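Hi everyone, thanks for coming along. Have a look at the screen while I bring up the model I'd like to walk you through today.

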Amino acid sequence: CMMAVSIGVPLIKESDSFSTVVVADSFLSLAAIFVLINRKSIEDFHIKKTYVIPLLLIGISFIFNGVYYSVMGYLAVGLIFCILIPLINLVFYSNSHVMICTAVSKAVIISFIAFVLISIMSGAALGKTQYTAILSNPNTLGNYMLIVVAANIYLMCDRDYRKNKCFPVLYITLALAVVIAIYTNSRTSMIAIFLQLVVVSLMYLARKIKCRDISGCLRLVKRGFIFILTVAVMFFAMFFILTTVKVQLIKALPDIQITKKYDDVELKDLLNRMGARYTKGLNNSDKSSLDDDQFTSGRKEIWKDYIDNIGFLGHKTESRNIVEKLRIYHGTNAHNVYLQMAYSAGLIAGMAMIIIMIFAAKDLLQKMYRFIRKGIMDDGLVLTICCALGFVTVSLTSGGYMIYTYLPSTFFYLSLFTLSVNERNKEYS
């Protein structure tokens, strides 16, 4: 439901969609907490200080700036970081978190299948620009694919699903999500998806090698080749569907289309444009070095401007007007989660977010090493790894720090319970 609100509301209500999404999803979260919370959640489990203290610092910073600047939005953000996110982590972990991870992953994949069907019928055709499906922004579509890939990987690593008849379906949905991400031409999304696939694969491969399981290693390599082949087949199949078939659908059913415009696109032309987009700033004929302005899509100057204006106190508005040598930005965000939080709520908030990411990285590496060495897999760990990799990659080029409004941040905070919650007096070997 929260994912549907996060994606659907901006499509229906373009203005002031941020506050609508936050309010609606906050009520949904409170409803889930009310249903799941019990005495056991409070008495038997606790949130580690390494996570709860930074979350409180972020929340208090936003509340302080909200009072100081009389910004109600900051007060809401502060309360969510202080109360709602810790409660969600605590309640989810203490109430069959394995079932919650599985249910959420299944819901994501079901929503993705529906999303693809709707996009084929009513979405934009694949053209000369970045593919957006039924959304307005290719980066938003890329972010959605990060979550779909994470859900697929989690279920594919589940023992029950590896023996299930639905396992081939997961191959197809995973390959389809990768193909759609490729069509968006979003480099950040593709880097995140690449990391999700490679890190989890290497973790399992390292475990097989540690156990001297040669047949297991060969099975993993075989599955890798099958997946690459599936991606290749889906790439060409979806090209045909989103060009030739889609044009016929636009002509036959014009009233249900988001846009009736389409381009005549040849496969070779598409591949050339994608290659140019993905290597933007790298192939610079005039200079021997990297063209960092092109490579970062102008973000370098935005980052400099925000860094120069970060202080102990935050700012009343989160956006800035920035004039560069080659570009002028009106009301742009920081395009970086840590700079955005530091600018909006003050330096302490930005530093606290960095601390959360450092401890998350440390705990993930420890748990991954524990799995490789001893074969002990913490419940939900694969989902947390994928969500964390997706968020940390996107966080470097996007200002989306807020839960609910940005899918990578939403799923990172929701899956953080694998790392942030412990049973009281329980020690891990």
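Let me begin with a definition: a salt bridge here is a side-chain nitrogen of Lys or Arg within 4 Å of a carboxyl oxygen of Asp or Glu. Please keep in mind that what you see is a predicted model. With that rule, Lys-208 and Asp-213 qualify, because their closest N and O atoms are 3.7 Å apart. Is each partner buried or partly exposed? Lys-208 is partly exposed, at 24% relative accessible area, and Asp-213 is partly exposed too, at 22%.

How many salt bridges does the rule give? The count comes to 8. Another of them joins the side chains of Lys-48 and Asp-363, at 3.8 Å from N to O. This pair links distant parts of the chain: Lys-48 lies in the loop between strand E1 (45–47) and helix H4 (49–69), while Asp-363 lies in helix H16, 315 residues apart. Lys-48 and Asp-363 are both buried. There is a third member to mention as well, since Lys-48, Lys-362 and Asp-363 are linked in a network of salt bridges.

Now to Arg-370, which forms a salt bridge with Asp-378, with 2.8 Å between the closest N and O atoms. Here Arg-370 is buried at 14% relative accessible area, and Asp-378 is buried at 12%. As general background, side chains of opposite charge can pair when their charged atoms come close.

Let's stay with helix H16 for a moment. It covers residues 347–374, and its 28 residues reach 40 Å from the first C-alpha to the last, close to the 40 Å expected at 1.5 Å a residue. Just after H16 comes Gly-375, with a positive phi of about 80 degrees. Ile-348 also sits in this helix, and it is partly exposed, with a relative accessible area of 35%. Ile-348 joins Ile-53, Leu-57 and Phe-312 in a nonpolar surface patch of about 380 Å².

Next, helix H9, residues 167–184. Its 18 residues should span 26 Å at 1.5 Å a residue, and the end C-alpha atoms are indeed 26 Å apart. Why can we call H9 largely enclosed by the rest of the structure? Because 15 of its 18 residues are buried. Just after H9, Asn-185 takes a positive phi of about 60 degrees.

On to the cysteines. How many disulfides does a search of the whole structure find? The search finds 0. Take Cys-217: the closest cysteine sulfur, in Cys-211, is 9.2 Å from its own, so the two are too far apart for a bond. Cys-217 is buried, at 14% relative accessible area. For Cys-387, the closest cysteine sulfur is in Cys-386, and at 6.9 Å that is also too far for a bond. Cys-387 counts as buried, with 2% relative accessibility.

My last stop is Thr-410, in helix H18 (residues 407–415). Is it buried or exposed? With 3% relative accessibility, Thr-410 counts as buried. The side chain of Thr-410 reaches the backbone nitrogen of Tyr-404 at 2.6 Å.

That's my tour, and I'm happy to go back to any of these places on the screen.

How values were computed
Residues are numbered from 1 along each chain as its sequence is written. This is a predicted model: local features need pLDDT of at least 70, side-chain atom pairs count only at pLDDT 80 or more; totals for chains, interfaces and linings use all residues. Side-chain values use heavy atoms; hydrogens and water are left out. Patches are made of residues with over 30% relative accessible area and no salt bridge: like charges are joined within 9 Å, nonpolar side chains (Val, Leu, Ile, Met, Phe, Trp, Tyr) within 5 Å. Accessible areas come from the Shrake-Rupley method with a 1.4 Å probe; for residues, only the protein chains shown count as cover. Helices (H or I, at least four residues) and strands (E, at least two) are DSSP runs, numbered from the N terminus. Buried means under 20% relative accessible area, exposed over 50%, partly exposed in between (1.4 Å probe, protein chains only). The expected span of a helix is 1.5 Å times one less than its number of residues. A disulfide is a pair of cysteine sulfur atoms within 2.5 Å. A polar contact is a pair of N or O atoms within 3.5 Å; within protein, one must be able to donate a hydrogen and the other to accept it, and residues adjacent in sequence count only if both atoms are side-chain atoms.
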